Amino acid sequence: MTRPAIVVAPRTIRASRAILTASQTILAASRAILAASHAILAASWANRARTLAFLATPRPVIEAPWTVSAARWMIPAALVVLSLLGGCAGEGGRSPGTAGERVKLRFWAMGREGEVVTELVRDFEREHPTIQVDVQQIPWSAAHEKLLTAIVGGSTPDVSQLGNTWISEFVALEALRPLDPLLERTPGLSDTSYFSGVWDTNVIEGELYGLPWYVDTRLLFYRTDILAQTGRDRLPGTWEEWRAALRDIKTLGGESKYAIFLPTNEPTEAVIFGLQAGSPLLRDHDTAGAFSAPEFRRGYDFFHGLFREGLAPPVRNTQIANVYQELARGTFAMYITGPWNIGEFRRRLPAELQDDWATAPLPGPEGPATGVSLAGGSSLVIFHRSPHPQEAWKLIEYLSRPEVQVRFFALTGDLPARREAWSDSSVIADPAILAFREQLARTVATPKIPEWELIFKRVQDWSEAAIHGAMSPDSALAGLDREVDRLLEKRRWLRSRQASAENGTATTRESLP
Amino acid sequence: MSRSQTKAGWVFIGPASALIGLFFFVPVVAGLLLSFTDFDIYGIAAPETVRWIGLRNYVQLVQNPLFWTALKNTLVFVLAGGPLSVAVSLGAALLPNAPQARLRGLFRTVYFTPVVTTIVAVALVWRYLYHPRYGLLNHALGLVGIGPIDWLGDPNWAMPAIILLAIWKNFGYNMLIFLAGLQSIPEELYEAARLDGAGALQRFRHVTAPGLRSTFVFIAIITMLGYFQLFAEPYVMTQGGPLRATTSLVLLMYEEGFRWWRLGMASAVAVLLLLIMSVGTMIQLRLQRGRAR
């Protein structure tokens with residue numbers, strides 16, 4: 001049979017095929033380019049002043065030859081972009097408010113907080129008639145990206161809620177305004193009003209960049225009735241006694257039951273036990289891993305032992321269809337989790353079990369005082385580009401008032417950051433919350449570097465391999481340290497570079513975030 | 001050709017070439033260069049801290065188990081989803097093209113609708129369909145006695161679920177191209193075949209299939225290239241989970257670049273993906289050419 005008519009144009013098809021192939025492959029590469037252009041944009045914004053200074057004074061010490069050329073082509077590019085964007089930004093009309101004119105503050109808040117904060121903000125506006133607050137609600141899932149895009153595009157809000165583990169990253173991008181000068185001029189507000197661990201998450205290289213808004217931490221939720229069956233009326237305070245209790249629970253329950261649930265797909269617990277044993281997690285000014293050092297090793301051995309002894313099931317969150325159901329069944333008697341689960345426990349555990357569960361601060365290796373936990377929560381920050389830092393600070397100050405914090409707690413259930421708010425009877429009405437007050441006083445900040453979140457994830461990968469017996473805890477921790485060292489190579493280099501600059505005559509122009 | 005004509009030619013192609021150069025070739029070269037640097041969050045704040053590190057990103061990448069997971073997931077998606085998608089498109093094109101079909105325009109439009117619907121809206125609806133307890137899909141399976149499947153939560157089912165969604169979302173586009181190909185096959189050939197006593201299956205094998213060969217080559221290649229760039233579906237449906245079962249290479253690149261700010265590393269992923277896709281395309285062309293001979 002002869003070929004049908006369509007084949008008369010094989011050349012056209014071949015040509016279009018070639019073009020398509022080329023353009024599709026280029027598309028893939030151009031995604032990476034997005035990165036490049038973003039980077040140039042970001043460089044231009046974050047370094048408006050610096051870039052100009054860089055042009056004016058040629059730097060004598062530059063290590064990599066490529067940097068020179070990179071800087072050369074980036075500067076003109078950055079300047080072009082700058083002037084273009086500068087033109088746009090100028091039209092925004094964000095000049096500081098003159099007399100009689102209302103200052104408009106843009107405030108970004110996430111998730112549930114964003115929904116309810118408008119109610120508080122309305123009272124703030126009544127108190128400050130010259131300030132108008134524009135609350136923008138952002139879903140948590142999009143928050144990180146939206147903030148970064150805003151930084152790159154120079155459209156950051158004046159004030160924003162920020163997860164406190166994100167602060168170091170935004171400080172590295174030079175997006176946040178240090179709050180110390182504003183705090184100093186504010187009577188009645190200081191670090192003593194806050195839980196020290198949580199406060200510390202906001203302090204990067206000695207400077208304060210966020211004021212805690214609400215806090216959260218992890219502690220122990222447990223079945224009091226099961227613990228009582230082992231002859232204990234309260235949770236022991238030391239690791240040893242605690243482990244003895246877990247063993248008793250396991251003996252009581254038999255083969256199919258466990259004592260505690262520690263989901264293997266979360267690095268949280270491994271890190272908490274490490275912190276309890278006194279590990280700094282990273283060493284040498286956060287430039288290398290300290291996971292195979294004796295402190296972390298001790299915490300990890302305890303954690304790993306719970307699996308080896310069969311006290312904790314080696315499963316992930318996803319493999320337990322319904323944690324509440326399993327707790328009700330007594331598949332495990334304890335679970336380390338956060339404040340959001342108080343409501344869930346009330347709702348999801350059967351009514352007859354409601355008197356049979358409680359919360360307790362975590363036990364520690366040497367007793368309750370060493371039973372530290374993570375310092376989580378959200379802070380309020382002011383962006384560098386905000387033309388109204390004074391007004392922005394007024395808003396933050398208002399939201400930090402103890403009475404406003406109590407109202408905020410009533411609206412959201414988020415635990416207040418101000419210690420004063422914790423003496424309010426409405427906050428501590430629920431006995432399950434009291435343990436959090438105790439635990440919050442014993443919180444520790446995880447390393448405040450932009451790489452931490454990535455390292456945190458790696459802890460899980462390696463730890464999970466050890467729990468499943470793919471390798472010994474020793475080699476897992478050594479492997480983790482090796483990988484972390486690789487991730488932190490840039491920090492080591494920046495540090496040595498900074499040190500040599502300090503030793504030499506050149507003045508340092510930036511400090512390591 | 002005279003000199004003035006040459007000059008006129010340059011004037012005509014000038015604007016287009018300049019645009020293509022500026023928005024395609026410059027970025028591609030910049031991306032390639034970027035992949036040899038350690039451009040990261042510190043580099044964004046202070047460009048002078050960016051270093052030229054040669055092939056280190058690539059070395060680290062091939063040592064990263066996550067890269068191999070992502071590569072495996074992407075290949076599964078391309079090798080399973082690609083052919084299935086082409087088959088569904090062909091089937092969908094044959095149906096409205098059948099002489100006895102009614103409401104052709106309607107079906108064509110209906111089949112094409114998913115292509116032009118935004119993925120975020122689609123994802124929302126499909127998340128309901130896939131819901132382990134209230135989802136329509138599990139309800140239907142329940143009627144025939146198949147127990148509930150946690151489509152997006154079970155690492156073994158997440159990728160099949162993404163493939164199903166991707167096929168549904170994309171088959172309409174290939175269907176249109178197949179339709180165009182089908183319509184260019186002269187009716188006389190079918191008529192002649194029928195006169196010779198060929199049945200429906202034989203007509204498909206000996207008239208339709210050869211007539212669609214060039215269309216098929218074209219579709220196979222653009223589908224493969226498109227499927228290699230799997231991103232939006234897992235990004236909105238599963239964020240790469242559960243257990244990384246739906247992390248594709250492009251999603252990995254996105255994470256490296258915009259979550260961890262390791263833009264140099266992200267560019268290295270892009271370059272590797274480009275190489276893999278080029279090899280894939282070459283293999284396909286070789287295969288097709290071999291078959292054509």
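Visitor: Helices (H or I, at least four residues) and strands (E, at least two) are DSSP runs numbered from the N terminus; how many of each does chain A have?

Guide: Chain A has 20 helices and 16 strands. This is a predicted model, in which local features need pLDDT of at least 70 and side-chain atom pairs count only at pLDDT 80 or more, while totals for chains, interfaces and linings use all residues. Residues are numbered from 1 along each chain as its sequence is written, with chains lettered from A and ligands numbered from 1 in the order written.

Visitor: What's the average pLDDT of chain A?

Guide: The average is 82, and 78% of the residues score at least 70. pLDDT is the predictor's confidence in each residue, from 0 to 100.

Visitor: Where does it stay under 50?

Guide: Over residues 1–30 of chain A, and again over residues 32–76. For residues 1–30 the model has 43 contacts (C-beta atoms, placed from the backbone, within 7 Å) beyond four places in sequence. For residues 32–76 of chain A the number is 69.

Visitor: How much of chain A is buried?

Guide: Of its 513 residues, 43% are buried, with 20 or more other C-beta atoms within 10 Å of their own C-beta. Among contacts in chain A with a separation of 6 or more, 74% are between residues 24 or more positions apart.

Visitor: On to the open sheet. What's the strand order?

Guide: In chain A the 4 strands run β8-β11-β7-β12, with mixed pairing; a pair needs at least two DSSP bridges. β8 (260–261) and β12 (357–360) of chain A are the edge strands, each with a single partner, so one side of each has no neighbour in the sheet.

Visitor: Which helix packs on that sheet?

Guide: Helix α17 (residues 431–440) of chain A, which touches β7 and β12 of chain A. The direction of α17 makes about 15° with that of β12(A).

Visitor: And how many bridges join β7 to β11 in chain A?

Guide: There are 4, between residues 219–223 and residues 334–337, and the two strands run antiparallel. A:Phe221 stands opposite A:Tyr335 in β11(A).

Visitor: Different topic: which residues of α5(A) are buried?

Guide: A:Ala143, A:Leu147, A:Leu148, A:Ile151 and A:Val152. After α5(A) comes A:Gly154, with a positive phi near 70°.

Visitor: Anything on chain B? At what angle do α4 and α11 pack there?

Guide: Helix α4 (residues 65–97) and helix α11 (residues 213–228) of chain B pack at about 145°, with axes 9 Å apart. Axes are lines fitted to C-alpha atoms over the stretch in contact, with angles from 0 to 180 degrees between N-to-C directions.

Visitor: Which residues of α4(B) meet α11(B)?

Guide: Among them are B:Phe77, B:Gly81 and B:Gly82 in α4(B), and the residues met in α11(B) include B:Ala220 and B:Tyr227.

Note on methods:
Contact = placed C-beta atoms within 7 Å. Buried ≥ 20, exposed ≤ 12 C-beta atoms within 10 Å, placed from the backbone.
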